[in-house]
Amino acid sequence: MARKAWERGGARGFSLLWVSAAFGEFAYSTSLIVLPLIVLALTGSPSQAGITGFVDAAAMLLAGLPAGAVADRYDRRTVMLWCQAALVAVFGALALLLWADAVSLPALVVLALVNGAATALTTAAGEAMIPSLVSEERLSDAVAMSAARTYAGQLAGTSAGGFLLAVKNTFPFVVGCLAHLAGLVLLLFLKRRSPVGGAADRPETSGRGLMEGVRWIARHRFLRVGLVCATATNFFFGVIYFIVIASAQTSGMNTGLIGVMAGLLGVGGLVGALAAPLLQRVLTGARPIFVVLWAFVLLTAGIAVLPGGWTPGVLLGAIAFTAPTANAYFATYQLLLTPDSHRGRVVSVAAIASGGGGAIAPLAGGIVLDLAGRFAGLLGCTAVMAVIALLTSLSPAMRDVPKPEPTETPTDAQLEPEPEPDKATA
């Protein structure tokens, strides 16, 4: 009876966290598409229009490690409440400035800065909280549902952002302010979720405390190899996406069709996230990672050689469909393996590594497209991903994954990297 009551309470808590985060994802995606357009209208400079996106991404990456330490040291619900309150304030202030026709580039940059840093903090605290809200048997489903929420928020936010901006430039930020306010109110009904352990077990905000997430991942071969795969996959997917979109634009393809290709990517990811719980029951062990890598190779080759204006969008959507199953498997294993006192920092390190690969992909994609062209560039990405897929498939770290046995707060000796075996493992 007590177990059933706890599970009901945990399910309610996860639902509150999920819906609150969905409002945040919606507001974040809305601002991401609207801010550059407002800067462009304000300054008339395409280069300045990219400043807000750069500041947002930089703030998110730079805040990554500190965000994980904060999530491990302080009550995670309180951290999220403060972040939501800050976002309500800056979104509301910017809406007032736009309504009064008094907005400036520095004000837009401040919003991007707060947006990126607060999102990093909220993500670290929210993801680290998930294992305390659901049972171990439901953790994989919860991770997959969180991925579905992200895709849904991105689709809804980008669509609504353009529509609201067309009506009046202040509307996207009024709606964003209300969305963050709704997320804040929902979090008030969530119980406090402090990290396990006393104050002595919680990290200091020193360099050593911040780097313990890196050292924890370095200690486990599966996490190391899996994170390298995730980073490489995100990077090459970003390169391929840029090559497809940029080459379509330069070839004179209709902008509406280009938009449809981008939309198919989001739809594929959303459907894949919803299907991930079922697919994980079929693809046991690390098989989801192998399937995603080899599907990535074959579909990228198809983008390079198959004709048709719709083909790249459909194949990009197919790649996006396969990714959430592998992501859910890796994230679930990572959360189960990591003690609660370190989950925030480990989540942040993983987000920085995989997100950093995606952040530099457009630059690399532009260079590849200029130097090699569309066909050779895509085949080159296919060849490199085939090598990565082969090495990963042969890696003992991925083929023989031990059952995670999380410990409580590890000692310094436990955090030292494990000795490498004689033969190459990855």
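## A residue to start from: T233

Let's begin with T233, which sits in helix α10, a stretch covering residues 221-250. This is a predicted model, so everything here describes a prediction. Is T233 buried or exposed? With a relative accessible area of 15%, T233 is buried, because anything under 20% counts that way. Leaving aside residues up to four places away in sequence, T233 touches L293, F296 and M385.

## The whole protein

Now step back to the overall picture. The protein has 15 helices and 0 strands. It is 426 residues in length, and 49% of those residues count as buried. About 19,300 Å² of the protein is exposed, and carbon and sulfur atoms supply 69% of that area.

How much of the contact in the protein comes from residues 24 or more positions apart? Taking the contacts with a separation of 6 or more, such residues account for 88%.

## Where α7 and α8 meet

Helix α7 runs over residues 139-167, and helix α8 over residues 171-188. Two packed helices are described by the angle between their axes and the distance between the axes. For α7 and α8, the angle is about 130° and the axes are 7 Å apart. That makes α7 oblique to α8. On the α7 side of the meeting you'll find G161, L164, L165 and V167, and on the α8 side F171, P172 and V175.

P172 is worth a stop of its own. This proline lies in α8 and counts as buried, at 2% relative accessibility. Which residues does P172 touch, not counting those up to four places away in sequence? They are T30, V34, G161, L164 and L165. P172 can also be compared in position with L35: 137 residues separate the two in sequence, while their C-alpha atoms are 9.6 Å apart in space.

## A nonpolar patch on the surface

Follow the chain along and you come to a nonpolar surface patch of about 520 Å². V174, L178, L181, V185, L188 and F189 make up this patch. Take L188 as a sample: this leucine lies in α8 and is partly exposed, with a relative accessible area of 47%.

## Salt bridges

How many salt bridges does the protein have? The count comes to 7. One of them joins E25 and R149, with the closest N and O atoms 3.8 Å apart. E25 belongs to helix α1 (residues 2-43) and R149 to helix α7, so this pair ties together parts that are 124 residues apart in sequence. Both E25 and R149 are buried.

Another group of charged residues gathers around R76. The side chains of D72 and R76 meet in a salt bridge, at 3.0 Å from N to O. D72 counts as buried at 0% relative accessibility, and R76 does too, at 1%. R76 also forms a salt bridge with D340, the closest N and O atoms being 3.1 Å apart. That second pair links distant parts of the chain: R76 is in helix α5 (residues 76-99), while D340 is in the loop between α13 (311-337) and α14 (343-394), 264 residues apart. D340 is buried as well. Put together, D72, R76, D340, R343 and R345 are linked in a network of salt bridges.

## Two more stops: L264 and V305

L264 is found in helix α11, which spans residues 255-282. Its relative accessible area of 28% makes L264 partly exposed. Which residues does L264 touch, once those up to four places away in sequence are set aside? The list is G313, V314 and G317. As for G317, it is 53 residues from L264 in sequence, yet the two C-alpha atoms are 5.2 Å apart.

V305 has its place in helix α12 (residues 287-305). Unlike the buried T233, V305 is exposed, with a relative accessible area of 52%. Exposed means over 50%. V305 and L378 are 73 residues apart in sequence, and the distance between them in space is 9.1 Å, C-alpha to C-alpha.

How values were computed: Residues numbered from 1 in each chain as written. Predicted model: local features only at pLDDT ≥ 70, side-chain atom pairs only at ≥ 80, totals over all residues. Heavy atoms only, no water. Patch = residues over 30% accessible without salt bridge, like charges linked within 9 Å, V, L, I, M, F, W, Y side chains within 5 Å. Areas by Shrake-Rupley, 256 points an atom, 1.4 Å probe, with all protein chains shown as cover. Salt bridge = Lys/Arg side-chain N within 4 Å of Asp/Glu carboxyl O. Helix = DSSP H or I, 4+ residues; strand = E, 2+ residues; numbered from the N terminus. Buried < 20%, exposed > 50% of the residue type's maximum accessible area, 1.4 Å probe, protein only. Axes fitted to C-alpha atoms, helices over the stretch in contact; angles between N-to-C directions. Parallel < 35°, antiparallel > 145°, perpendicular 65-115°, else oblique. Contact = heavy atoms within 4.5 Å.
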